[in-house]
Amino acid sequence: MRVGVIGVGVISKQYFDSLPGLGNLKLVAVADLNEARAAEVAAEQGVISLSVDELLASPDIEAVINLTIPAAHVEVGLRALAAGKHVFAEKPLGLSTAEARPLLEAQKNGLRVGSAPDTVLGTGVQTARRVIDDGTLGEVLGAAVHWSAPGHERWHPAPAFYYQPGGGPLYDMGPYYLSALVHLLGPIVSVSGSARRSSRERVIAQGPNAGQVLPVDIDTHITALLTHESGISTTVTISFEVWKTRAPLFEVYGSQGTLAVPDPNNFNSVAEVFLAGADDWAPVEDSAGYRSSGRGYGLADMAAAIAAGVPHRASAELAFHVLDVMESIMASAESGQVVAVTSTAPRPAAVPLSDTP
């Protein structure tokens, strides 16, 4: 599948690092509103630099990797679909379910939409899923997720969009953990949420914009209780307000043991289990997922699924469900009521242990 990338910001490097190892994808062009930056990256990658309009119009490109800012995800995705190209986008799928729904409806004539995170296809989350599916934990009762940091302004050279709608801890980091929860425990049917923000001033710490004060237009500390279709409950905390924590990052609790799930922000960390009667945690040997994977594996998985005529795993439907869950958490936080999640998504097929799709 011949691929063009739109958006060559910070995250693009991770895609460029992975694409050469994916035999069913071939990078042919890049584009960015900053055409000088696009030309520089194109030279580094040995491909051509095009304007966004030229890339979308090119008959030589079959799929677009959309790495634009969240506010442009839907617009660029719809334009690519209208041009007859498959789309794989960074998360979130859109700023809202109302905005993102047309992406689902535009998948016609064999065209598909995929969405990050594809970290959940690595050996970390997939091996954790294997532990659950094999019954090692006994009856699964609940899970806990905690991701926190002081804020992305401490490391990112241009972090303003993280503090605007479509950013923030929930919309930026939430998709990793919520997507993993659906892979592990199935879709979510209701949520109860709480959200707030501090008055702390956000100042860019490094890069050419160091010292710039950022406006904050999103909530920065979110907690939620999720109920899965299976009846399992999960507690979630996602925050840009925590300087340090001892909280567990991601655990699943069963009648026969506890599973420490590797961070879904990464691909290939090691799962651990503590079983009833054991003296200590035990690492779990990799038994599922794509080995040594990285960003772009979701598109390679989609290309393989298209060739085989089966659903792809990092699907728009899953990303839409995750977006709906996040939107519902914020609606619950505002109303103080439990909110039913109206969308659903099938639990994606497990990934067998393999090197590439």
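This is a short walk through a few strands, one helix pair and some aromatic pairs in a predicted model.

I'll start with the parallel sheet. Six strands make up an open sheet, and their order is β3-β2-β1-β4-β5-β6, with parallel pairing. At the edges sit β3, residues 48-49, and β6, residues 113-115, each of which pairs on one side only. Inside that order, take β4 and β5. Strand β4 covers residues 63-66, strand β5 covers residues 86-89, and four bridges pair them in the parallel sense. One position to look at is V64, whose bridge partner in β5 is V87.

Next, the helix pair. Helix α5 spans residues 97-105 and helix α9 spans residues 316-335; their axes are 10 Å apart, at an angle of about 170 degrees. The cut-off for roughly antiparallel is over 145 degrees, and α5 and α9 are therefore roughly antiparallel to each other. On the α5 side, the contact is made by T97, A100, R101 and L104; on the α9 side, by A316, E317, F320, L323, D324 and E327. Sorted by class, this contact of α5 with α9 has five nonpolar residues, four charged and one polar.

Now to the antiparallel strands around β14. Which residues of β14 are buried on its two faces? G257 and L259 are buried on one side, T258 and A260 on the other, so to speak of β14, residues 257-260, is to speak of a strand covered on both faces. As general background, side chains in a regular strand alternate between the two faces of the sheet. Strand β13, residues 250-254, runs antiparallel to β14 and is joined to it by four bridges. The connection from β13 to β14 is a hairpin through two residues, and G254 stands opposite G257 in β14. Strand β15, residues 272-275, also runs antiparallel to β14, again with four bridges. Here T258 has F274 in β15 as its bridge partner.

F274 takes us to the aromatics. The count of aromatic pairs comes to six. The ring centres of F274 and W281 are 5.9 Å apart and the planes are at 70 degrees, so this pair is edge-to-face. F274 is partly exposed, at 29% relative accessibility, and W281 is partly exposed at 34%. Y290 and Y297 also form an aromatic pair, a tilted one, with 5.9 Å centre to centre and 45 degrees between the planes. Buried or exposed? Y290, at 4% relative accessibility, counts as buried, and Y297, at 6%, counts as buried. Finally, W147, Y163 and F240 are linked into a cluster by ring pairs.

Definitions and conventions. Residues numbered from 1 in each chain as written. Predicted model: local features only at pLDDT ≥ 70, side-chain atom pairs only at ≥ 80, totals over all residues. Heavy atoms only, no water. Axes fitted to C-alpha atoms, helices over the stretch in contact; angles between N-to-C directions. Parallel < 35°, antiparallel > 145°, perpendicular 65-115°, else oblique. Contact = heavy atoms within 4.5 Å. Nonpolar A, V, L, I, M, F, W, Y, C, P; charged D, E, K, R; others polar. Pairing = 2+ DSSP bridges. Buried < 20%, exposed > 50% of the residue type's maximum accessible area, 1.4 Å probe, protein only. Phe/Tyr/Trp six-rings, centres within 6.5 Å; stacked < 30°, edge-to-face > 60°.
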